[in-house]
Amino acid sequence: MTTCSARRTRRALRAACAGAALLLALSACSSSDTKNPSAPASSKVSGTVTVFAAASLEESFTKLGKEFEQQHPDTKVTFSFGGSGSLAASITGGAPADVFAAASPNTMKIVADADGTSGTPTTFVRNQLEIATLPGNPDKISSLRDLTRSGLKIVLCDESVPCGAAAKKALDAGELKLTPVSYEQDVKSALTKVELKEADAAVVYRTDVRAAGNKVEGVDFPESADAINDYPIALLKDAPNAEAAQAFIDLVKSAGGQKVLTDSGFLNP
């Protein structure tokens with residue numbers, strides 16, 4: 001082979017190799033786009049997300065907080081659980097928070113009316129009431145009407161908090177009246193009275209009965225269908241970490257987040 005022929009052959013091989021590399025690169029991009037044509041650019045979030053949430057969300061939100069931190073290693077989720085009314089008052093009073101998840105639209109409205117939310121709050125789950133009795137149900141409570149029997153120590157949530165307002169709706173629906181031994185400021189406090197055997201029964205949420213395990217026994221009652229609570233969630237207007245807060249809300253509303261919540265006894269919105 002002559003020198004000129006060899007040079008032409010080498011140039012042809014280089015051109016062919018370059019063309020093949022270009023085709024491979026284009027093919028890889030095309031394959032990636034086909035697998036997930038609408039995949040958004042990944043957004044890395046970091047920092048602390050502060051969530052104010054209704055007491056009945058404690059177990060499920062704690063799980064979701066850990067999951068969020070695993071998905072976003074540079075974040076930390078901190079929670080303040082309590083009565084929705086108290087949390088709303090803290091937020092409108094200037095307490096720094098990123099997310100508010102309330103147990104009723106009315107308590108969320110307190111924050112929204114004070115121009116404290118960013119955008120419109122959305123309902124992410126619902127919750128239904130149940131009677132929590134002592135283990136084994138020694139008083140044979142089988143209905144809401146049974147709670148009006150003399151001699152029973154019954155605990156309700158205060159009517160100013162969502163679980164108390166829902167209990168009043170249920171009692172009104174059954175045309176029943178009862179005098180509890182105490183009104184509690186959140187649903188966990190009401191349930192604790194039964195767990196400590198300081199009360200014979202309490203009207204709480206189904207999710208709280210499930211979370212208590214064998215410490216209490218649950219009794220369904222039909223009037224609860226007239227007092228189902230919607231739970232709204234919102235990004236707060238002055239959120240110190242709005243980007244990460246929105247990512248947490250997205251997790252709560254995702255299919256995986258909804259499964260955690262329904263596994264805890266919540267109803268789909």
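**Exercise 1.** Which residues do ring pairs link into a cluster?

*Solution.* First, a heads-up: this is a predicted model, where local features need pLDDT of at least 70, side-chain atom pairs count only at pLDDT 80 or more, and totals for chains, interfaces and linings use all residues. Residues are numbered from 1 along each chain as its sequence is written, and side-chain values use heavy atoms, with hydrogens and water left out.

Next, the rule: rings of Phe, Tyr and Trp (its six-membered ring) pair if their centres lie within 6.5 Å; planes under 30 degrees apart are stacked, over 60 edge-to-face, and the rest tilted.

Now the result: the cluster joins Phe 61, Phe 68, Phe 79, Phe 81, Phe 124, Tyr 205, Tyr 231, Phe 248 and Phe 266. The structure has 9 aromatic pairs.

**Exercise 2.** Work out how the rings of Tyr 205 and Tyr 231 are arranged.

*Solution.* Their centres sit 6.1 Å apart and their planes meet at 65 degrees, so call this pair edge-to-face. Along the chain, Tyr 205 is in strand S8 (residues 201-205) and Tyr 231 in strand S10 (residues 229-236), 26 residues apart. Strands here are DSSP runs of E with at least two residues, and helices are runs of H or I with at least four, numbered from the N terminus.

**Exercise 3.** Is Tyr 231 buried or exposed?

*Solution.* Buried means under 20% relative accessible area, exposed over 50%, and partly exposed in between (1.4 Å probe, protein chains only). Tyr 231 comes out at 0%, so it's buried.
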